[in-house]
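Colleague: Got a minute to go through this model with me? I'd like to hear the reasoning behind the labels.

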Amino acid sequence: MVQRYASARVTPLTHSSPRFSVRGLAPQDPELAGYPDDLSSSTFRVIERAKQEWEATADALPELICLVDARGLIIRANRTIETWNLGRVVAVKDLSLHRLLHPACTGAACELERGLRQIRLSASAGQSAQFEMWDALLRRHLLVNARLVASGRGLSPSATVIVIQDVTERKRAEEALRLSAERLRAMNDIQQAILAAHSPEGIAEAALTRMLRLVPFRHARVTLYDPDLNEFFVVAADANGGARLRPGQSYREDVFQSCDGREPRAFYAIEDLGKLANVSAVEEQLLSDGLRAYFNIPLIAEREFIGSLAIGADRPGWFTAEHIEIGREIADLLAIATRQAQLYGKLKRANQDLGAALQAKEEMIQAVSHELRTPLIIIKGYVDLLSEGMLGALNQEQVDAMAALDTHANRLTTLVNQVLTLKEIETTRLSKMTIDPAAWLGEVVRAWSLLIERGGLRISLEVSPNLPSLLADPNLLNQVMYNLLGNAVKFSPHGGAITIRAWATRQEFVLAIADCGIGIPSDKLELIFERFYRIHTGLNTAFGGLGIGLTLCRAIVSAHGGRMWAESVGEGQGSTFYVALPVEAAEQTRPSAG
Ligand code: ADP
């Protein structure tokens with residue numbers, strides 16, 4: 001309550017008041033004690049003017065300034081007190097400052113009185129003092145400063161100037177600043193916690209537990225909507241929502257709907273649940289849990305409704321506009337993070353499904369290849385027997401048919417072996433031995449020359465002198481050469497040339513197989529090493545193949561600690577395949593033929 005001051009209580013404090021005016025005093029007046037007897041009236045006028053100027057200056061200040069004696073009684077005060085809504089103050093002399101400010105206060109437990117007493121004590125010890133307080137009677141925040149007046153100015157000893165500043169506005173601004181910093185900090189905390197959580201449940205839980213710092217509630221709940229089931233699921237809630245509003249519970253939409261159109265998809269705030277004429281089933285539950293004030297904010301992600309955040313308190317009208325604003329900010333964060341977590345969850349499940357499908361495909365390829373191996377051996381065996389006439393003489397047509405059968409059985413065998421080798425490389429140890437690269441490559445060229453010439457192609461070999469010997473698995477290295485030369489022949493036109501070059505750097509032994517064939521587009525140079533990848537696919541392609549050869553080559557080279565890549569100037573301009581094996585895999589000493 002603001003203290004009211006009776007204006008009739010004291011006599012007017014005016015400049016013409018005889019108690020405060022120099023003018024009108026007789027020279028024998030005790031107030032003039034110490035002045036010379038022969039002061040002329042013009043001297044009085046000068047003094048009076050100076051006094052009025054000072055009073056006018058002091059009255060214009062926003063601070064309450066007063067001079068008090070050792071007992072704390074006012075000697076002089078400016079008029080600022082009148083602007084503090086205290087009514088008209090008419091006389092202050094010999095009034096205590098506390099009485100002036102709190103006329104009806106007994107002073108027993110008054111903080112202002114205590115502070116002013118402390119000032120008197122400090123003054124008696126010759127010290128200045130200061131204190132700050134919220135004055136509930138004046139409804140102002142006061143900053144009180146007391147300074148001793150230097151003696152020797154004709155004033156009583158221990159006279160003190162007390163300056164009281166009204167710092168309410170400054171304090172209010174400071175408090176607003178503190179609150180907004182606190183809100184920012186808390187929002188930041190919520191954001192961090194939400195980002196650290198990965199499931200919609202974790203996100204909602206993180207938001208609710210931290211929200212309490214900013215919005216004092218009794219019940220808060222995050223409900224997510226499942227459009228497939230057309231149901232709402234409570235994903236997080238504090239313990240005050242009653243059993244029916246706990247996490248894990250689900251509802252159909254109609255339990256939220258009231259006759260007044262309140263529903264989870266729209267924002268609404270209720271001052272007092274108890275005063276509603278029509279309540280929904282959920283509101284009825286909230287009421288029975290003792291909740292009165294309540295608001296609901298829909299969670300919207302990418303313009304889609306995904307759920308709602310509901311907050312309740314047990315006192316009607318409890319929530320302020322600021323609480324609702326904070327609720328909205330948190331709802332925005334929740335919506336974005338929840339949507340991301342939902343998408344992440346979907347992606348993870350899809351990834352797991354894909355992983356399982358790939359695994360199944362892998363296992364099937366392995367199983368089929370394995371199962372094909374034995375029948376292929378048998379087919380090949382009978383083809384050999386038949387071709388050699390061991391099962392009776394064949395006519396020319398039958399001989400040709402057997403030759404075709406043999407070629408295709410060989411292709412199938414190669415394929416099956418490649419698939420199985422690819423798997424084996426991951427698990428089996430390499431059978432390494434020392435290989436003389438020049439001798440090995442010479443043998444490779446000899447073995448391929450007939451086939452290459454039959455295809456109307458030429459092959460040449462360029463080997464640098466003094467190459468270090470290789471420490472490698474010869475079967476696997478032969479497999480690499482088989483695939484690379486096979487491709488070079490397959491993708492080269494009639495009359496083209498194939499070149500094999502070998503050289504060594506300080507770190508690597510390098511092998512390049514170049515052809516003048518159809519070339520490879522630059523964006524496919526890496527893709528061709530992926531399993532089952534082929535540039536020219538489809539039934540109409542002139543080139544057969546399964547797209548496993550280069551994958552196997554790279555796997556073999558990698559198993560030797562080396563690297564493999566392809567280069568091509570472009571389509572129709574030929575390709576070069578490089579194999580680089582580390583010199584650790586090469587032995588500098590005694591080379592021997594592989
Ligand atoms: P395949 O030859 O059985 O299809 P590879 O893994 O050996 O399988 O090769 C994959 C693809 O890389 C080939 O289908 C082809 O498109 C391309 N390719 C490989 N070698 C060459 C080459 N020398 N010239 C042009 N393209 C090639």
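Modeller: Sure, and keep in mind that the model is predicted. Let's start with patches: a residue can join one only with over 30% relative accessible area and no salt bridge, and nonpolar side chains are joined within 5 Å.

Colleague: Which residues form the nonpolar patch on the surface?

Modeller: Ile378, Tyr382, Leu385, Met390 and Leu391 do, and together they have about 500 Å² of accessible area. Ile378 sits in helix α8, which covers residues 321-387.

Colleague: Why is Ile378 called partly exposed?

Modeller: Its relative accessible area is 46%. Partly exposed covers the range between under 20%, which is buried, and over 50%, which is exposed, so Ile378 gets the middle label.

Colleague: And what makes Ala488 count as buried?

Modeller: Buried means under 20%, and Ala488 has 1% relative accessibility, so the label follows. You'll find Ala488 in helix α11, residues 474-490. From Ala488 to Ile452 the C-alpha distance is 9.6 Å, with their positions 36 residues apart in sequence.

Colleague: What about empty space inside: how many cavities of 30 Å³ or more are there?

Modeller: The search of the whole structure finds five. The largest has a volume of about 60 Å³, and its lining includes Val68, His98, Leu116 and Arg120. Helices α3 (97-101) and α4 (111-124) are the elements giving two or more residues to that lining, and α4 gives the most, with three.

Colleague: How do the lining residues of the largest cavity divide by type?

Modeller: Five are nonpolar, three polar and one charged. Arg counts as charged, and Arg120 is among the lining residues.

Notes: Residues numbered from 1 in each chain as written. Predicted model: local features only at pLDDT ≥ 70, side-chain atom pairs only at ≥ 80, totals over all residues. Heavy atoms only, no water. 1 Å grid on protein atoms, 1.4 Å probe; cavity = no way out; pocket = protein on both sides within 12 Å on 5 of 7 lines; lining within 4 Å. Points joined across faces, edges and corners; volume = space filled by probe spheres on them. Helix = DSSP H or I, 4+ residues; strand = E, 2+ residues; numbered from the N terminus. Patch = residues over 30% accessible without salt bridge, like charges linked within 9 Å, V, L, I, M, F, W, Y side chains within 5 Å. Areas by Shrake-Rupley, 256 points an atom, 1.4 Å probe, with all protein chains shown as cover. Salt bridge = Lys/Arg side-chain N within 4 Å of Asp/Glu carboxyl O. Buried < 20%, exposed > 50% of the residue type's maximum accessible area, 1.4 Å probe, protein only.
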